[in-house]
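Work through these exercises with the structure open beside you. Try each task before you read its solution.

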Amino acid sequence: MNRIARAWDSDLAYSFRHSPVAVVAAFVALLIILAAALAPLIAPHDPFNPASLNLMDGFTPPMEPNAFTGNTYWLGTDNQGRDIFSAILYGARISLFVGFSAVLFAMVLGIAVGLLAAWRGGWVDSLLMRIADVQLSFPSILIALLIFGVARGVIPPAYREEMAIWVLIVAIGLSDWVQFARVVRGAAMVEKAREYVQAARVIGVHPVRIVLTHILPNVMGPVLVIATIGLALAIIAEATLSFLGVGVPPTQPSLGTLIRIGQGFLFSGEWWIILFPSIALLALALSVNLLGDWLRDALNPRLK
Amino acid sequence: MIAYVLRRIVQSVLVMLVVALVSFSLFRFVGDPVATMMGQEASQADREALRDRLGLNDPVIVQFAGYIARAASGDFGISYRLQQPVMELILSRLPATLELALISGTLAFVFGVGLGVYTALNRRGWLSGTIMTVSLVGVSLPTFLIGVLLIWVFAVELQWLPSFGRGETVDVGPWRTGLLTPSGRASIVLPAITLGLYQMTLIMRLVRAEMLEVLRTDYIKFARARGLSDRAVNFGHALKNTLVPVITITGLQLGSIIAFAIITETVFQWPGVGALFINSVQFVDIPVMAAYLMLIALIFVVINLVVDLLYYAVDPRLRLDRAAARH
Amino acid sequence: MTEPLLSVRDLRVEFPNRRGTLTALDGISFDIAPGEVLGMVGESGAGKSLTGAAIIGLLEPPGRIAGGEIRLKGQRIDTLSPEQMRRIRGKRIGMVFQDPLTSLNPLYTVAQQLVETIRTHMPLSEVDARKRAIALLDRVGIPAAARRIDDYPHHFSGGMRQRVVIALALCAEPELVIADEPTTALDVSVQAQIIDLIKEICAERGAAVMLITHDMGVIAETADRVAVLYAGRLAEIGPVRDVILDAAHPYTRGLMGSIPTLTQESDRLVQIPGAMPRLSSIPTGCAFNPRCPEAFDRCRTERPVPLDRPGGRQVACWLAAKESAHG
């Protein structure tokens, strides 16, 4: 049997094929990710090129020709005549970029801390885990806000705008590493006590090699679950920070920024400016969350 | 018992010290303490004098001790942006946040436990399935979107409830409350639901998971085997055992409600400490950030302590000396 | 012949799962006379505990009774409504579980659990129920029962807790007590005491006992009759003495071979080669045929029917059928 056939036949794949929710969620998530990745090719307009914007096109409702120019936009335009559909594609691109980067950062940091704590033990372990405990007792959005605020205090005002997206990634990543660290540490402690690991240590196998061959493979399941759910959380965190006006700068609007902009037009009746970015954000966050939920159940049948 | 309480108090003080150190570093190294203390229009000579008086040339540890001493007396300096003592700002806005947090916390707990128990007991029912699916949407729905959605439906379209502010308020001693006026009560409805919904989903999912776990235990099977009624087994035995861990986590949720109020207060322009904090982050108003951090940490630590002591009171197993636990 | 207290006929329990239906119990039939002690033995997974759970109506979903009938004093109980069945549990059939450490709710005192159970089944006042509870604890051998009754379960040792569990199972004077591996989790030193207690106290109250265990030695000392289960089917049933001294089924002989005795002539215990089949892959014919040293063709194709033998014995084995036909 070749690899693909074996993968198809695995319990995970079986459970995937028999979970309509997981299939639909995976489809929606992939669709959004693809659309965002290919935004420059798909988007009918470039929402960031001021030259292509026509203020006369502003406030065009969805699927209706504009009163002045006669242009029609699927999802309408905002006050500056920006095509909402294109803005969503580019916005999702930024949301996903921040989300993936933050999770990757949190994962690398968390795995490193977890392994270090398990391997060194003693005071290193207690110190790291105490820090994790204290941080875990505070909501991650608060941690991210604080880190963001501090970074703004440290970075000179001239650079704030262009650094904003990286600051955001670090802030979200730093607020989210604890889960990874705990799971990896727990699994590593168990493996460390196993006889074959002890034996490998005795015969002088390099610790990095032991970690790579014995410990990491054992924690990939839980890490994958945490990363998936973490991605949903990171996307939500980014949207929240941007909505609060402390995230990405308005020149690079993410989905959260678009919603922030749209909120201003809710009372004057231009509902489409806020509705479509909100739907896109919800679809993205929900589908990733559902995938994470399914993955957790599939890898832990006992919890069902 | 006393040893346990003491140990927990020492732990709490340690956590506060760590947070104070972070707060101090913010205040001292990221911000400019002189500007903080004096405001921006003070003369250069005055600044030097203050710098000296504050002992900014002293060893850092001495400065840290001074910071803690001042913080303990409620002195966090002056806001860069608003040019008012930080403590005054926070105290004037705290009632708004606490009222919001308590009401939404109560809503979240009552409905969270109720729905959690229902979905655990009727695990295979269609209504439970629906509730669980909706709750997943609830977890994925960012708080600010819930707020925007509620504003759209109830304030813009139906025009039933106000979309921003606290409405009319009344001063009861130092406490400015919105709960005594009709417009104040109407104003808190949407923010409280927005803030409580996410916590409610979390509590509900937690209660469900804990309860399912408890329903699988031997003592529940044995209770059924003794012919106790479903009511006695589910609500007398299973629920009590479920609530023990739930209390801990729910208590901690109350702390996150106060933190999550940042978002709700921004959406509804609610004049609480959360909105103050967001503005301080936007304008890099370091003294306010540092003070807010200490305040939140204090609230968390106190809640943590109370919850632990409560846990101790509820679970008889913890009241027992370690030595007698097994024999 | 007197009417049996409990009569099980052709009991069949199934577990539907995603790959089909597992038959966990198949064609189980036996009687228990009033006051009799019936031992039920078999390897783990043979269906002993499941039989108990089916009788008391507490099969874990998705497990269900798919065929046969269970009668208590002639009244059919497997078709009763959940509420009617609940009234029988504890009142007419008591149950003792395996692990006393987990059978008692840790958050309630022993008094609360006893009084609740007594008052569920008997029209007694709180005070009278408490008196009865103290008398029961005293009877099961808890020293200073009147004082210790207000302790929490964790204050008692494992053996003492199992005595409490027995008191709970017996508190409404049941006619039948199902004891599911009541000593497995206990120290060897207290196992015999607990078994003696169950036997004694049931004898004095005229309650029958269904003693589930994998320990042939316990059966030999305690039971009047014994039923041997293998892979969800009844291999053999009969008076203990006869079955032990002259087992008719090769599997029972194998089990007997695994009891060490002082007078044993051989140096080593006899072992049955192989392992019990999984429920999903029970071989055709006799379930035991792949491990049976004496299996012949018919055993591999045709399932043995239970065959009555003199002395109130029954055996499901073609070899025994052949022998009795010849003899």
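## Exercise 1: Chain B on its own

In chain B, 43% of the 327 residues count as buried. The model is a predicted one.

**Task.** Describe chain B: how many helices and strands does it have, and in what pattern do they follow one another?

**Solution.**

1. Count the elements. Chain B has 12 helices and 2 strands.
2. Read them along the sequence. The pattern is α-α-α-α-α-α-α-β-β-α-α-α-α-α.
3. Take the dimensions. The C-alpha trace of chain B spans about 85 × 65 × 35 Å along its principal axes.
4. Check the contacts with a separation of 6 or more. In chain B, 71% of them are between residues 24 or more positions apart.
5. Add the annotation. An unreviewed UniProt entry places "domain: ABC transmembrane type-1" at residues 94-311 of chain B. Over those residues the chain is 80% helix and 3% strand. The end C-alpha atoms of the span are 28 Å apart.

## Exercise 2: Which chains touch?

**Task.** Which pair of chains shares the most contacts? Then describe the side of chain B that touches chain A by element and by class.

**Solution.**

1. Rank the pairs. There are 2 pairs of chains in contact, and chains A and B share the most contacts.
2. Look at the pair that is missing. Chain A and chain C do not touch. Their nearest C-alpha atoms are 11 Å apart.
3. Count residues between A and B. Here 34 residues of chain B are in contact with 35 residues of chain A.
4. Find the elements. On the chain B side, those giving two or more residues are α1 (2-30), α6 (126-140), α7 (143-157), α10 (230-267), α11 (273-282) and α12 (286-314) of chain B. α10(B) gives the most, with 7 residues.
5. Sort by class. The side of chain B that touches chain A has 28 nonpolar, 6 polar and no charged residues.

**Task.** Now do the same for chain C where it touches chain B: which elements contribute?

**Solution.**

1. Count first. 24 residues of chain C are in contact with 22 residues of chain B.
2. Name the elements. α2 (82-88), α3 (100-103) and α4 (110-121) of chain C each give two or more residues. α4(C) gives the most, with 4 residues.
3. Sort by class. This side of chain C has 9 nonpolar, 9 polar and 6 charged residues.

## Exercise 3: The fold of chain C

**Task.** Is chain C as compact as a globular protein of its length, and why?

**Solution.**

1. Take the inventory. Chain C holds 13 helices and 12 strands.
2. Compare with the globule rule. The radius of gyration of chain C is 21 Å, and the rule gives 20 Å for 327 residues. The two are close, so chain C is as compact as a globular protein of that length.
3. Add burial. Of the 327 residues in chain C, 43% are buried.
4. Add the annotation. UniProt (unreviewed entry) puts "domain: ABC transporter" at residues 8-256 of chain C. That span is 41% helix and 27% strand.

## Exercise 4: The sheet and its inner strand

**Task.** What is the strand order of the 8-strand sheet in chain C, and which strands stand at its edges?

**Solution.**

1. Write the order. The open sheet runs β6-β7-β8-β3-β9-β10-β12-β11 (chain C), with mixed pairing.
2. Find the edges. β6 (93-96) and β11 (307-309) of chain C each have a single partner strand, so one side of each lacks a neighbour in the sheet.
3. Note the twist. It averages 20° from one strand to the next.

**Task.** Is β3(C) buried or exposed, and what surrounds it?

**Solution.**

1. Check burial. 5 of the 5 residues of β3(C) are buried, so the strand is largely enclosed by the rest of the structure.
2. Split the faces. In a regular strand, side chains alternate between the two faces of the sheet. Val37(C), Gly39(C) and Val41(C) are on one side of β3(C), Leu38(C) and Met40(C) on the other.
3. Pair with β8(C). The two strands run parallel, joined by 4 bridges. Gly39(C) stands opposite Leu211(C).
4. Pair with β9(C). Again 4 bridges join β3(C) to a parallel strand, β9 (residues 225-230) of chain C. Met40(C) has Ala227(C) as its bridge partner, and Val41(C) stands opposite Val228(C).
5. Add the helices. α11 (residues 250-257) of chain C touches β3, β9 and β10 of chain C. α1 (residues 48-56) of chain C lies across β3, β6, β7, β8 and β9 of chain C.

Methods
Residues are numbered from 1 along each chain as its sequence is written. Chains are lettered from A and ligands numbered from 1 in the order in which they are written. This is a predicted model: local features need pLDDT of at least 70, side-chain atom pairs count only at pLDDT 80 or more; totals for chains, interfaces and linings use all residues. UniProt positions are given in the numbering used here, feature names are shortened, and annotations may be inferred rather than shown by experiment. The radius of gyration is taken over C-alpha atoms; the globule rule is 2.2 Å times the number of residues to the power 0.38. A residue is buried if 20 or more other C-beta atoms lie within 10 Å of its own, exposed if 12 or fewer, and partly exposed in between; C-beta atoms are placed from the backbone. Two strands pair if DSSP finds at least two bridges between them. Axes are lines fitted to C-alpha atoms, for helices over the stretch in contact, and angles run from 0 to 180 degrees between N-to-C directions. Two residues are in contact if their C-beta atoms, placed from the backbone, lie within 7 Å. Ala, Val, Leu, Ile, Met, Phe, Trp, Tyr, Cys and Pro count as nonpolar, Asp, Glu, Lys and Arg as charged, and the others, Gly among them, as polar.
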